[in-house]
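User: Please take a close look at one helix pair in this model, and then place that pair within the chain it belongs to.

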2 protein chains.
Amino acid sequence: MTTPQQAYQELLGLAREIALLRSVSSVLSWDRETYMPPRGATLRAEQSSYLAGLIHRKWIDPRVGELLSIAEADGLTDDPESDVAANLREWRRDYDRATKVPPELVEEISRVSVLAQTTWTEARQKADFGIFRPHLAQHIELARQVAACIGYSESPYDALLDEYEPGLTATRVRRLFTALRDELVPLVQAIVASPRQPRTEIIHRHFPLDRQKIFGEAAAAAFGYDFRAGRLDTVTHPFCMGIGPGDVRITTRYTADYFNEAFFGILHEAGHGLYEQNLPTEAFGQPVGEACSMSIHESQSRLWENFVGRSRPYWEHFFPRAQQTYPAALGDVSLDDFYFAVNAVSPSFIRIEADEVTYALHIMVRFEIEQPLIEGHLAVDDIPAVWNETFERYLGLKVPNDALGCLQDIHWSFGGFGYFPSYALGTLYAAQFFEAAHRDLPDLDEQIRRGHFAGLLDWLRTHIYRHGRRYRTADLIERATGQPPSHEPLMRYLRAKFGELYAL
Amino acid sequence: MTTPQQAYQELLGLAREIALLRSVSSVLSWDRETYMPPRGATLRAEQSSYLAGLIHRKWIDPRVGELLSIAEADGLTDDPESDVAANLREWRRDYDRATKVPPELVEEISRVSVLAQTTWTEARQKADFGIFRPHLAQHIELARQVAACIGYSESPYDALLDEYEPGLTATRVRRLFTALRDELVPLVQAIVASPRQPRTEIIHRHFPLDRQKIFGEAAAAAFGYDFRAGRLDTVTHPFCMGIGPGDVRITTRYTADYFNEAFFGILHEAGHGLYEQNLPTEAFGQPVGEACSMSIHESQSRLWENFVGRSRPYWEHFFPRAQQTYPAALGDVSLDDFYFAVNAVSPSFIRIEADEVTYALHIMVRFEIEQPLIEGHLAVDDIPAVWNETFERYLGLKVPNDALGCLQDIHWSFGGFGYFPSYALGTLYAAQFFEAAHRDLPDLDEQIRRGHFAGLLDWLRTHIYRHGRRYRTADLIERATGQPPSHEPLMRYLRAKFGELYAL
């Protein structure tokens with residue numbers, strides 16, 4: 001007879017094995033994006049899919065279900081905030097999700113993804129939605145099947161959202177997004193109409209690549225990102241890879257005539273990196289040692305990139321250093337002009353190039369399409385028209401073609417429905433955390449002005465990092481800030497900052 | 001009932017799985033030596049040892065033994081040169097070796113190695129053999145146990161040699177080494193005594209690091225090393241890592257005031273890399289898709305580094321390019337002086353810095369100690385005295401301390417007895433291959449003089465690379481060259497080349 005305590009210990013061992021295999025997988029992914037020679041791609045795909053299969057089989061083993069049932073049956077979960085209870089709750093969730101979807105369906109999605117990514121690439125190149133349409137339709141049908149397997153009470157979209165945001169529902173997303181949009185659209189309109197506009201040519205001067213690397217690394221290190229437990233490499237599509245304790249790597253890409261791309265990209269990835277580097281090391285392999293959710297992860301990248309890195313106090317400290325680093329580009333520029341230029345707001349077509357104010361509106365356009373698509377209320381053929389109409393309503397721009405519209409993101413080509421909301425929610429939550437940190441640390445602006453970030457890092461460690469997945473997203477936010485998730489802190493922040501910049 | 005054909009198919013599947021896991025392990029090792037942040041070392045050790053355990057358990061599974069017995073019992077092995085027969089023969093060898101040594105003994109060796117490496121590092125630093133002595137004694141005792149488990153007919157050293165050189169015996173090594181030494185020692189003495197000596201300061205001028213990288217990469221690419229299936233990185237201890245089909249990476253280290261280190265290091269690793277890149281891709285995961293032995297691998301690195309890269313025809317082509325690349329260092333140097341300088345011969349204490357002529361003598365000193373140690377005819381305490389006496393006899397130098405003597409190599413600290421001979425045998429075999437290639441390609445020197453290496457590469461592909469482990473080392477050599485392994489081609493080569501250079 002296995003006792004509950006023994007079952008829990010066995011689960012701990014298994015989870016650590018799986019964590020090790022995942023960390024190995026992460027090394028393979030990082031290497032693929034950074035240094036792998038091109039002809040190694042076939043072997044790499046085989047290595048990664050072999051490990052993925054190994055991990056999946058270990059996890060869906062009926063023994064895991066037995067162990068969970070034994071461990072749950074006892075008093076181990078009496079204190080729901082204990083490591084044991086939180087781990088069992090999250091393992092149960094992961095196990096149920098993994099076992100509810102039959103392997104044939106998972107394989108079918110991965111088969112369709114290969115073809116869909118090829119046709120998506122071609123469709124985007126030719127700005128022709130028709131080329132991508134059949135595979136997108138297949139993906140939607142498969143996503144609906146996944147939702148049916150997993151189950152939901154209101155909308156099949158909830159079952160997909162739950163993959164990235166455990167427990168979140170479309171209704172709650174819609175409530176937050178609608179409230180935000182109603183205030184954001186007029187703010188964007190006011191900014192666009194303002195006679196006061198930044199001199200954006202400043203950030204398009206010449207910034208030598210080798211100096212960008214040094215300046216960016218120094219900025220990440222100043223935040224507290226530990227380069228003895230990380231590194232910064234150059235890639236096409238930047239990311240942060242948390243391999244495991246002591247090994248969290250960030251990446252960026254450099255453009256010589258655009259300051260923002262690499263610099264704010266580095267701060268963004270360093271934000272993700274700080275979260276990963278400050279998870280509780282001793283709980284490696286357990287849910288309480290893992291990041292809470294996609295949106296909380298994104299809140300950390302946005303917080304460091306925008307709320308800190310694009311703030312006036314930040315540049316009061318760093319602008320003189322930027323001038324020393326780039327005397328030719330910035331020698332004749334004032335702090336005010338530079339600060340305004342890095343915060344320029346301007347509606348544009350491509351999400352990943354969007355500024356701090358318009359970004360969430362790009363996400364809302366996608367949410368307005370994804371939800372009815374999955375619920376069966378929107379036909380695939382109608383996507384371009386609905387996209388263009390919604391985009392114009394939110395951002396005031398007429399989409400000239402689908403490459404600049406509904407074909408711009410890779411996500412749908414691998415069946416990633418329900419992923420987009422996390423990006424906007426991250427910004428919302430970042431505002432809420434930053435407001436709460438200001439309340440708890442009244443001299444936070446002054447600390448940032450002196451280039452000291454240890455106070456903020458410590459606040460985030462205490463309220464977010466150390467908890468791992470102990471609390472679900474909404475719960476974590478309420479505990480950290482005293483308020484449930486809300487759009488108000490973000491609107492307060494945007495109004496104050498951009499009201500001043502654009503003299504609204 | 002499993003048929004022999006089914007058993008063979010099942011073994012193929014299992015071997016491919018193991019090959020995939022090994023290739024993953026190789027990525028981890030490469031990353032550890034190149035880009036892993038220092039704080040990632042603990043996790044990396046855990047990842048690697050987890051994978052090593054996984055691989056080992058898969059391989060020693062009794063099912064493998066059953067499958068081998070079933071497959072061997074049938075006519076599958078009738079044609080001993082067929083893929084099937086060669087694979088079964090080599091799998092049997094690997095399986096027997098792996099299962100004969102009990103896991104406790106393997107663990108004990110790895111436990112002792114951790115301590116032994118620490119004491120070896122300290123002992124070398126302090127040039128004090130006594131510090132390393134107890135752990136070396138433990139390692140020798142454990143190595144003797146390993147030999148007893150594996151079995152041997154003449155000497156326990158044979159069982160250890162067999163790990164790196166399947167089927168080779170100490171008697172055969174001794175015969176080759178003795179014949180070589182008897183001719184090599186007088187040659188070295190004649191070279192040292194020659195009034196004609198190279199101007200070695202030429203290769204110690206200033207060679208800018210960035211140019212060394214470009215020049216070295218171009219040289220490797222000219223050999224046919226495929227950079228789309230490989231790359232060149234900087235490390236402390238250079239190596240070549242054959243990850244798998246399409247992914248074979250080489251490394252080097254640069255010294256600004258020493259031309260030879262990086263350049264010939266790159267040619268050496270490119271030689272290993274060419275072997276790995278030209279193994280039969282379709283046989284990945286099978287013995288017939290793997291390198292034949294350590295000595296054959298080393299013959300390829302030595303062949304490209306020395307027999308090609310240090311030859312006169314080679315520099316007739318590349319020296320003008322070297323002058324263009326390093327005008328300040330080489331502008332006033334003649335081809336003859338440069339060619340002589342990169343081929344300088346001078347007895348010295350450290351093996352890894354030894355030249356082409358004296359290198360094998362360094363190995364023989366180690367062999368003269370390893371064999372009686374393992375056979376129990378030499379006491380650990382006597383190692384320094386025997387080392388120093390043998391070294392002076394072979395190389396004419398008095399060893400001033402053990403750091404420059406018996407403590408210089410890491411190998412014994414991880415119990416790597418029987419490994420050293422492969423280094424010298426590689427040079428012997430390289431000479432034999434190069435002589436045979438010259439016979440088959442009468443204009444080979446002229447091809448090299450024009451910077452064309454495709455003919456030589458093709459010869460090596462035909463006679464060595466494509467066979468994998470189909471033939472054992474001695475057999476492969478005899479098939480490729482028409483002669484059994486012999487020291488004569490090497491001596492003919494050395495006499496001709498250095499006789500001319502040193503006007504003997």
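Analyst: In this predicted model, helix α17(A) passes helix α20(A) in a left-handed crossing. The contact draws on A:Tyr429, A:Gln432, A:Phe433 and A:Ala436 from α17(A), which meet A:Ile477, A:Ala480 and A:Thr481 from α20(A). Sorted by character, the residues of this contact comprise five nonpolar and two polar ones, with no charged residue among them. As for the geometry, the axes of α17 (residues 420–440) and α20 (residues 473–481) of chain A come within 9 Å and cross at roughly 20°. Because angles under 35 degrees count as roughly parallel, α17(A) is roughly parallel to α20(A).

The chain around this pair contains 21 helices and three strands. Chain A has a radius of gyration of 23 Å, close to the 23 Å that the globule rule gives for 504 residues, and it is therefore as compact as a globular protein of that length. Along the principal axes, the C-alpha atoms of chain A fill a box of roughly 75 × 50 × 50 Å. Buried residues account for 42% of the 504 residues in chain A, and among the contacts in chain A with a separation of 6 or more, 71% join residues 24 or more positions apart.

Chain A also touches a partner, with 28 of its residues in contact with 28 residues of chain B. On the chain A side, α1 (4–34), α2 (41–60) and β2 (240–244) each supply at least two residues, and the residues of that side divide into 15 nonpolar, seven polar and six charged.

Methods:
Residues are numbered from 1 along each chain as its sequence is written. Chains are lettered from A and ligands numbered from 1 in the order in which they are written. This is a predicted model: local features need pLDDT of at least 70, side-chain atom pairs count only at pLDDT 80 or more; totals for chains, interfaces and linings use all residues. Helices (H or I, at least four residues) and strands (E, at least two) are DSSP runs, numbered from the N terminus. The radius of gyration is taken over C-alpha atoms; the globule rule is 2.2 Å times the number of residues to the power 0.38. A residue is buried if 20 or more other C-beta atoms lie within 10 Å of its own, exposed if 12 or fewer, and partly exposed in between; C-beta atoms are placed from the backbone. Two residues are in contact if their C-beta atoms, placed from the backbone, lie within 7 Å. Ala, Val, Leu, Ile, Met, Phe, Trp, Tyr, Cys and Pro count as nonpolar, Asp, Glu, Lys and Arg as charged, and the others, Gly among them, as polar. Axes are lines fitted to C-alpha atoms, for helices over the stretch in contact, and angles run from 0 to 180 degrees between N-to-C directions. Angles under 35 degrees count as roughly parallel, over 145 as roughly antiparallel, 65 to 115 as roughly perpendicular and the rest as oblique. A crossing is left-handed if the near helix is turned anticlockwise from the far one by less than a right angle, and right-handed if clockwise.
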